[in-house]
Amino acid sequence: MPPRRTRLVTLTTDLGPVYSAQMKGVLCGYLPPSRIVDLDHELTPHGVREAAFLLLAMGRTFPPGTVHIAVVDPGVGGARVPLAIECHDGSLLVGPDNGILVPLAEALGLARAYRLDLTKIRGGSPASATFEGRDVFAPAAGMLATGHRIERLGSDHRPFRLPPWRVERVPNGIAAEVLHIDRFGDVITSAPSSAAGEPPREVEARFGRRRSLRLPVVRTYEDLAPGALGVLVSSFGTLEVSARERRASDLVGARVGDPVVIRPRSVADLGKRP
Amino acid sequence: MPPRRTRLVTLTTDLGPVYSAQMKGVLCGYLPPSRIVDLDHELTPHGVREAAFLLLAMGRTFPPGTVHIAVVDPGVGGARVPLAIECHDGSLLVGPDNGILVPLAEALGLARAYRLDLTKIRGGSPASATFEGRDVFAPAAGMLATGHRIERLGSDHRPFRLPPWRVERVPNGIAAEVLHIDRFGDVITSAPSSAAGEPPREVEARFGRRRSLRLPVVRTYEDLAPGALGVLVSSFGTLEVSARERRASDLVGARVGDPVVIRPRSVADLGKRP
Amino acid sequence: MPPRRTRLVTLTTDLGPVYSAQMKGVLCGYLPPSRIVDLDHELTPHGVREAAFLLLAMGRTFPPGTVHIAVVDPGVGGARVPLAIECHDGSLLVGPDNGILVPLAEALGLARAYRLDLTKIRGGSPASATFEGRDVFAPAAGMLATGHRIERLGSDHRPFRLPPWRVERVPNGIAAEVLHIDRFGDVITSAPSSAAGEPPREVEARFGRRRSLRLPVVRTYEDLAPGALGVLVSSFGTLEVSARERRASDLVGARVGDPVVIRPRSVADLGKRP
């Protein structure tokens with residue numbers, strides 16, 4: 001009987017190449033590198049909340065049954081638990097119990113979570129207190145990808161949950177937050193596309209205590225004048241504030257975590273100055 | 001009969017890890033990740049002309065029959081056409097019709113170009129207006145890599161061509177342009193190696209309206225004094241201006257797209273000040 | 001008889017994506033991309049000594065028999081020899097003879113070193129004087145990974161060795177050096193963990209001629225107050241100076257290559273000001 005095909009293993013970290021390469025080296029002791037996919041190793045250092053959002057966006061594009069490792073782990077070596085989650089679609093998630101795994105787990109159907117037992121993974125061998133990605137999560141994922149059963153590697157655990165992305169009704173609008181600033185300086189918010197109004201035409205967007213901006217709602221970047229700011233439905237499904245071939249994040253001074261209020265401007269408002 | 005081996009798929013983008021990982025996730029729905037090769041996801045944002053040059057350099061090192069995806073796409077979601085090109089060596093190229101694919105296609109032998117038909121690729125499912133890399137080009141490449149015929153995915157199209165790299169005779173020299181500044185600050189120009197004179201010894205190089213520089217022509221970086229500027233034949237085959245273990249681009253103030261004139265200095269000149 | 005499985009090939013360079021992609025293209029002419037693993041392409045340009053340390057850390061996590069290519073090569077095209085090393089664990093190392101390969105080779109058991117003969121690798125075809133990674137090391141590794149015998153590709157050679165990492169007894173302490181500053185700003189030194197004293201409690205650390213710092217020795221980052229500096233055993237096994245969720249390298253002003261002296265503070269000292 002041919003051996004059961006090993007699962008895909010994806011890697012999402014804030015570790016950069018030097019540390020993530022060591023995780024790949026360990027994984028290659030369990031499975032061929034042809035089953036490993038690097039997603040992102042350049043996440044904002046220690047940015048667990050942003051990482052949880054990005055892991056959701058990246059991980060959900062992969063086939064069911066994939067093993068996803070995520071390591072943004074300021075609490076490495078400390079009290080936080082090493083976690084593995086089983087999803088209803090057959091995917092398995094491995095990483096620290098700091099909330100990073102949960103949004104993707106819930107999108108794939110969170111079935112059961114386990115606290116990883118180091119003695120099951122490392123025998124008696126000690127793990128570095130500064131790099132559990134290499135010494136705990138990579139071998140755990142290697143075992144899971146090659147047929148070890150998740151319930152043999154740990155015991156039931158109730159995972160830590162981050163506060164949900166902010167989406168709140170406020171008078172005439174939606175209070176949201178900045179979840180990510182992408183490589184182009186586009187400001188990805190948690191506001192649903194409906195926050196742009198119906199039909200979407202123009203909004204007021206206010207980042208923190210900054211001046212309110214009056215922005216057109218457009219479908220594509222090309223619908224903006226060169227350098228001009230506008231609001232679009234991002235590829236994440238939420239609203240983004242962008243500028244055509246410029247960095248909107250610099251223009252509006254937004255940072256990850258900033259609150260933003262978005263108010264559709266009614267047809268009646270459209271002739272007036274804000 | 002064993003299934004026909006899927007083609008290699010390469011990825012070249014300005015998208016960074018978050019977006020390119022989503023393209024890889026989609027591709028993994030068509031083919032194993034072992035057939036996907038990341039070339040570059042850190043291209044200059046929106047730098048279509050530089051990307052076309054770099055895709056040519058990277059893509060031509062791959063075996064015939066490879067599927068190359070390239071996404072530097074400021075016009076995403078807009079009027080520009082999604083393109084696929086078939087080459088005489090059997091390679092297939094997929095990306096926006098903004099000129100990025102054409103130099104590589106011509107190097108491999110441009111056989112025929114097609115406007116991709118979204119209904120053939122996505123059925124009725126809509127594509128994000130801000131990320132066709134994930135929603136159009138990745139699935140198109142996935143289909144092409146696994147045996148779908150290119151002529152079934154679109155219809156004949158005459159691809160857009162960027163203006164050719166500048167190489168022009170001027171009195172006693174060659175007018176060229178800066179095509180790329182590499183990770184070391186080496187300034188890669190479009191000037192052919194013959195522009196350095198015969199035998200190559202010393203040139204005058206003038207970037208835009210800056211002061212003319214008198215530079216030795218050398219074979220290796222080691223032939224320069226530490227920190228000193230010189231001209232070499234780059235690994236792209238054209239001339240580069242470099243400094244030994246320093247960033248020539250900073251020393252000469254050159255940027256991608258800058259014009260540069262290169263004049264070989266005759267033996268008679270070599271004793272004189274410029 | 002089925003063909004012998006090709007070896008894994010890893011890539012460690014300071015070349016960035018544009019050049020490393022060309023090495024991968026060449027390798028794909030010898031073996032499937034599923035056997036290629038990118039370790040790091042963002043090493044400090046020309047930083048041979050740091051690269052040798054990081055290659056050791058990354059390479060040793062890979063299975064025996066792997067082919068490791070390392071290219072940080074300021075002397076490309078010049079007098080330095082192209083090198084291949086055979087290790088007792090069956091691993092093979094390929095790169096310039098500038099010392100980059102030796103620490104990993106010695107960790108895996110340096111069996112024999114060879115000066116690569118270009119005519120065996122390229123026939124009569126010339127190599128770029130600015131990119132031997134693509135034209136020499138990638139094809140050499142491709143041949144070695146697919147069964148060519150190392151002794152057929154070159155002749156015996158005594159490899160160049162860098163000076164060893166600095167670890168020297170000084171009065172009441174250890175003189176070491178900064179080997180690497182990681183993505184988090186953690187300052188990785190060459191000081192062994194024993195330099196922190198027994199039991200490790202508090203040290204004085206002095207970078208170059210800067211003011212001496214009094215730092216607690218802790219086990220995990222979480223044991224530090226937010227932003228506070230401390231000393232830990234790094235995942236490399238040596239001491240690192242870190243700050244909790246801040247960049248220690250900025251706080252202490254350390255750079256790669258800086259000398260550092262570490263002195264354990266005795267129990268008797270602990271009540272006194274330094």
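**A buried aspartate and an A–B interface**

Asp182(C) is buried (under 20% relative accessible area with a 1.4 Å probe, protein chains only) but forms no salt bridge (a side-chain nitrogen of Lys or Arg within 4 Å of a carboxyl oxygen of Asp or Glu). Its nearest side chain of opposite charge, Arg247(C), is 6.2 Å away. This is a predicted model, where local features need pLDDT of at least 70, side-chain atom pairs count only at pLDDT 80 or more, and totals for chains, interfaces and linings use all residues. Residues are numbered from 1 along each chain as its sequence is written, chains are lettered from A in the order in which they are written, and side-chain values use heavy atoms, with hydrogens and water left out.

**Around Asp182(C)**

- You will find Asp182(C) in the loop between strand 9 (173–181) and strand 10 (187–192) of chain C.
- The side chain of Asp182(C) makes a polar contact of 2.7 Å with that of Tyr19(A); here a polar contact is a pair of N or O atoms within 3.5 Å, one able to donate a hydrogen and the other to accept it, and residues adjacent in sequence count only if both atoms are side-chain atoms.
- A polar atom of the Asp182(C) side chain also lies 2.9 Å from the backbone nitrogen of Asp186(C).

**Where chain B meets chain A**

- In contact (heavy atoms within 4.5 Å) are 32 residues of chain B and 30 residues of chain A.
- The rule finds one salt bridge across this interface.
- Arg183(A) and Glu42(B) join their side chains in a salt bridge at 3.2 Å, N to O.
- Nine residue pairs are in polar contact between chain B and chain A, both residues at pLDDT 80 or more.

Technical notes:
Helix = DSSP H or I, 4+ residues; strand = E, 2+ residues; numbered from the N terminus. Buried < 20%, exposed > 50% of the residue type's maximum accessible area, 1.4 Å probe, protein only. Lys, Arg positive; Asp, Glu negative; His and termini not counted.
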